[in-house]
Amino acid sequence: MQQPVTCFAPRVEPIFDLHGAIARGELALRYQPIVDLLDGSLFAVEALVRWHHPELGELLPAAFLPQIDNERDHRTLDIWVLRRAMEELDSLPPALGSIGLTINVGAEHLAAPRSIVELAEAIASSSFEAGRLVLELTENTALRDTDYAVSSIAELKRAGVRFAIDDFGTGFATLDYLGRLPADFLKIDRSFVAAFRDDKWAAIVEAVLALAQRLGIATIVEGVEQFEQLHVIRTLGARYAQGYFLSRPLTLENLKTYSETPPRHRLRIC
Ligand code: G
Ligand code: MN
């Protein structure tokens, strides 16, 4: 008698399985220093996620974020990064005890009520001081409900959290945002610094710095890769800077070593 043929469909694991990656411990954080240009002291670190993918190798957010196509999973990732970074920084020696921590949060999530509750709960349940926390609002799509986002920001600000507008000057992070969102910091996108050779771009950055100052918002210039760029932004009056010239994103271990660098050496001034 002929045996019935049983057909098993091959089990296809999704290649970008975020929940699986979290469960298997494939995500890790790096910390990129943000330096105070007044004296070279370490002001804060930006937490940046890496995915050690078993098949694709080490992935940067730019490689995998576009593959995660639902807001719920983006929020899961943001919250995972927030919790892990607060926990790791809390484990640092007291000398590093007061540095700030910046976390990337999709600005569009601030319009999702559940997201605000999740953020507030994660912050409240940690022993990390909320006043050290800066949420960087990044934008992939236009913020649909700015009014709601403004009230969400206000609520988290009452807990002591501060806000930065990330990648300012590109995409959706426009002047309109500066007017509407109660930001504490403005992160000037690295493409402006990259274009510095041209006087026109230096003039734009100078004008943005002046505008931020007028609005009482502190500026963080991103993507500083060369001494000349550092020199120009200091001359133009930027307060904080971040970029490969100052430091690449570091492991927690290397951050401890970096924190021992004499502050003025970071700015290459004697
Ligand atoms: O969008 P956001 O500013 O959060 O992006 C941070 C990303 O920018 C990180 O992936 C980080 O590694 C990268 N980055 C940080 N400093 C520099 C730099 O000086 N040059 C370039 N090209 N990229 C940088
Ligand atoms: Mn950022």
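These legends go with close-up views of the ligand and metal sites in a predicted model.

**View 1. Ligand 1 in its pocket.** Welcome to the space taken by ligand 1, which is the largest pocket. Two elements each give two or more residues to the shell around the ligand: strand S2 (42-53) and strand S6 (162-168). The shell itself divides into 4 nonpolar, 4 polar and 6 charged residues.

**View 2. The nearest neighbours of ligand 1.** There are 14 residues around ligand 1, and those that come nearest are Glu46, Arg190, Glu222, Glu225 and Tyr244.

**View 3. Polar atom pairs at ligand 1.** Have a look at how side chains and backbone both take part here. On the side-chain part, a polar atom of glutamate 46 lies 2.9 Å from an oxygen atom of ligand 1, and a polar atom of glutamine 32 lies 3.0 Å from a nitrogen atom of the ligand. Tyrosine 244 offers a polar backbone atom instead, 2.9 Å from a ligand oxygen. Taken alone, ligand 1 exposes 530 Å², of which the protein buries 79%.

**View 4. The manganese ion (ligand 2) and its donors.** Four residues coordinate the manganese ion: Glu46 through OE, Asn104 through OD1, Glu136 through OE and Asp166 through OD. The distances run from 2.1 to 2.4 Å. If you would like to find these donors in the sequence, their spacing is E-x57-N-x31-E-x29-D.

**View 5. Strands S2 and S6 at the metal.** This view picks out two of the manganese donors, Glu46 and Asp166. Glutamate 46 lies in strand S2 and aspartate 166 in strand S6, so this pair ties together parts that are 120 residues apart in sequence. Glutamate 46 is also one of the residues that come nearest to ligand 1.

Methods: Residues are numbered from 1 along each chain as its sequence is written. Chains are lettered from A and ligands numbered from 1 in the order in which they are written. This is a predicted model: local features need pLDDT of at least 70, side-chain atom pairs count only at pLDDT 80 or more; totals for chains, interfaces and linings use all residues. Side-chain values use heavy atoms; hydrogens and water are left out. A residue is near a molecule or strand if one of its heavy atoms lies within 4 Å of it. A polar contact is a pair of N or O atoms within 3.5 Å; within protein, one must be able to donate a hydrogen and the other to accept it, and residues adjacent in sequence count only if both atoms are side-chain atoms. Accessible areas come from the Shrake-Rupley method with a 1.4 Å probe; for residues, only the protein chains shown count as cover. On a 1 Å grid over the protein atoms alone, a cavity is a set of points where a 1.4 Å probe fits but cannot get out, and a pocket is an open set with protein on both sides within 12 Å along at least five of seven lines; lining residues have an atom within 4 Å of a point. A molecule sits in a cavity or pocket if more than half of its atoms lie within 2 Å of its grid points. Helices (H or I, at least four residues) and strands (E, at least two) are DSSP runs, numbered from the N terminus. Ala, Val, Leu, Ile, Met, Phe, Trp, Tyr, Cys and Pro count as nonpolar, Asp, Glu, Lys and Arg as charged, and the others, Gly among them, as polar. Donors are N, O and S atoms within 2.8 Å of the metal (3.2 Å for Na, K and Ca); water is not among the atoms, so sites may look incomplete.
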